[in-house]
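This report accompanies the sequence and the three-dimensional structure shown below. It is intended to be read alongside them.

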Amino acid sequence: MKAQPFQFIDLPRRMPRELDVAVRVVGWQEIYGHYEAPQAAEQSARCLDCGNPYCEWKCPVHNYIPNWLTLVREGRLFEAAELAHETNPLPEICGRVCPQDRLCEGACTLNTGFESVTIGSIEKYIVDEAFKQGWRPDLSNVRATGKRVAVIGAGPAGLACADRLVRAGIEAHVFDRHPQIGGLLTFGIPPFKLEKSVMLTRRGVLEAMGVRFHLGIDIGRDIAFETLLRDFDAVFVGTGAYTAVDGRLPGQELPGVTPALPFLIANAHRILAPEAIPDPMLDLAGKRIIVLGGGDTAMDCVRTSIRLGAAEVSCVYRRGEANMPGSRREVKNARDEGVRFLFDRPPLAIEGGARVRGVRVGIGGGEEVLAADVVIIAFGFRPSPASWLAEHGIALREQGHVRIDGGLPYQTSNPRVFAGGDNVRGADLVVTAVHDGRDAGVAIAKMLLA
Ligand code: SF4
């Protein structure tokens with residue numbers, strides 16, 4: 001397709017097909033479909049090539065967005081996939097789960113007067129389609145260096161780090177306590193945003209690149225951290241942020257109240273192993289659910305509750321809609337699926353006796369009690385540092401975040417240990433974890449190969 005500088009005037013923004021609400025709420029499929037090549041080329045051609053790509057700057061990994069849009073427009077799919085991987089080790093995942101309206105697409109010049117280019121969907125198209133057609137990262141020029149690095153955590157930071165290490169000829173051994181790779185990508189983010197098969201494909205790609213996974217292994221319990229320090233030239237710690245922020249609400253310990261992550265993780269396990277005994281936490285059929293919080297995790301919880309057959313699902317947020325920290329698209333999707341939003345209602349206490357009966361909230365100058373059978377708390381997460389970090393002289397901040405002021409990028413106070421992602425920043429986006437893992441991998445390679 002030829003460049004048509006004013007394509008965006010005649011051609012509106014079109015997302016890939018979206019599943020009907022009636023279909024999506026009874027299953028776990030991703031709600032957005034895939035572009036075919038002509039649609040992807042058309043939507044890519046809407047890019048103005050404005051010369052000042054704010055989208056690139058707003059993207060945390062600084063993807064070469066206008067350049068890969070041009071390649072898609074010209075049908076040069078494999079080159080686009082190559083270029084997408086230069087900046088982003090997990091492009092098909094970020095294309096699905098990034099809050100694009102706050103990042104690349106929010107910064108697109110077309111946003112003033114026209115709708116932005118569908119950057120995330122095109123990023124997803126490039127990699128899904130290239131994989132389907134047989135493209136794989138080309139490591140044929142990489143020479144083995146004999147160096148070995150242990151990566152703790154197979155979430156986005158660990159995977160991005162491992163990608164950069166093997167590209168530098170360094171053996172990357174990734175350890176994770178879960179039976180599958182992905183961390184929260186597999187066990188936290190629900191499949192209607194990211195189907196589990198996407199992670200399985202990525203696992204195959206990484207393994208073919210030489211990454212070795214050691215799953216179901218808990219460092220500190222199954223293998224001592226000491227052993228990793230002895231057997232590897234360096235260690236990257238990407239263990240995420242799993243401790244729920246404590247809202248200190250009276251009554252939060254009542255039966256029927258649960259933090260968001262265990263709820264989402266239990267559901268992911270159920271989907272991965274449907275034959276297992278179902279967790280009673282997931283028995284929401286016919287019940288009234290209140291989710292406290294307004295971020296993307298809260299949206300994952302409300303939309304999961306709908307799919308588990310809840311009779312009524314409400315998102316209760318202490319501030320107004322404009323202050324919600326997550327993706328606007330996710331709020332819209334939740335609303336379309338039947339979630340009720342109650343704003344400006346700070347939660348004051350969980351009410352109940354033998355089990356939860358409702359949530360007392362502030363409203364205007366007064367108070368009210370909202371009835372609920374189950375309350376899910378999504379106030380955010382902070383790191384849960386393993387004891388072996390401090391035991392090996394790795395300095396932490398007060399709240400348990402790993403300090404990375406060792407001199408090199410992402411280097412901790414132990415010069416052979418690096419860290420990045422949520423255990424350093426606190427809970428943040430997938431793409432920021434990818435950024436950290438990527439750059440930590442590069443820094444480790446530089447140190448080992450100097
Ligand atoms: Fe946009 Fe995220 Fe892709 Fe960057 S990584 S281009 S922010 S979707």
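The sections below describe a predicted model, beginning with a sheet and ending with individual loop residues.

## The parallel sheet

An open sheet is formed by five strands in the order S3-S2-S1-S4-S15, and their pairing is parallel. The edges are occupied by strand S3 (212-215) and strand S15 (417-419); each has a single partner strand, so one side of each is left without a neighbour in the sheet. On average, neighbouring strands of this sheet are turned by 20° against each other, direction ignored.

Helix H18 (residues 430-449) packs on the sheet, where it touches S1, strand S4 (234-237) and S15. The direction of H18 makes about 170° with that of S4.

## Strand pairing within the sheet

Strands of a sheet pair through backbone hydrogen bonds, in either a parallel or an antiparallel arrangement. In the present model, strand S1 (residues 148-152) and strand S2 (residues 171-176) run parallel and are joined by five bridges. Within this pair, Arg148 stands opposite Glu171 in S2, and Val149 stands opposite Ala172 in S2. The two strands also belong to a right-handed β-α-β unit, which S1 and S2 make together with helix H9 (residues 156-167).

S1 is further joined to S4 by four bridges, and these two strands run parallel. Ile152 has Val237 as its bridge partner in S4. S2, for its part, pairs with S3 in the parallel sense over four bridges; there, Phe175 stands opposite His214 in S3.

## Burial of S1 and S2

How many residues of S1 are buried? Four of its five residues are, so S1 is largely enclosed by the rest of the structure. For S2, five of the six residues are buried, and this strand is therefore also largely enclosed by the rest of the structure. The cut-off behind both statements is a relative accessible area under 20%.

## The ligand shell

The ligand is surrounded by 13 residues. The closest are Cys59, Asn63, Cys98, Cys104 and Glu123. By residue class, the shell around the ligand divides into nine nonpolar, three polar and one charged.

## Loop residues with positive phi

Asp49 is not a glycine, yet it has a positive phi of about 50°. This residue is found in the loop between helix H3 (37-44) and helix H4 (54-58). Asp49 counts as exposed because its relative accessibility is 53%, and the limit for that class is over 50%.

His62 likewise has a positive phi of about 50° although it is not a glycine. Its position is in the loop between H4 and helix H5 (65-73). With 32% relative accessibility, His62 counts as partly exposed.

## The loop between S10 and S11

Where is Ala354 found? It lies in the loop between strand S10 (347-352) and strand S11 (356-363). Ala354 is exposed, its relative accessible area being 73%.

A C-alpha to C-alpha comparison sets Ala354 against Pro156: the two are 198 residues apart in sequence and 40 Å apart in space. Pro156 falls at the start of the range given for H9 (residues 156-167), the helix of the β-α-β unit with S1 and S2.

Technical notes. Residues are numbered from 1 along each chain as its sequence is written. This is a predicted model: local features need pLDDT of at least 70, side-chain atom pairs count only at pLDDT 80 or more; totals for chains, interfaces and linings use all residues. Side-chain values use heavy atoms; hydrogens and water are left out. A residue is near a molecule or strand if one of its heavy atoms lies within 4 Å of it. Ala, Val, Leu, Ile, Met, Phe, Trp, Tyr, Cys and Pro count as nonpolar, Asp, Glu, Lys and Arg as charged, and the others, Gly among them, as polar. Two strands pair if DSSP finds at least two bridges between them. Axes are lines fitted to C-alpha atoms, for helices over the stretch in contact, and angles run from 0 to 180 degrees between N-to-C directions. Contact means heavy atoms within 4.5 Å. Buried means under 20% relative accessible area, exposed over 50%, partly exposed in between (1.4 Å probe, protein chains only). A crossover is right-handed if, with the strands pointing away from the viewer, the path from the first strand over the helix to the second runs clockwise.
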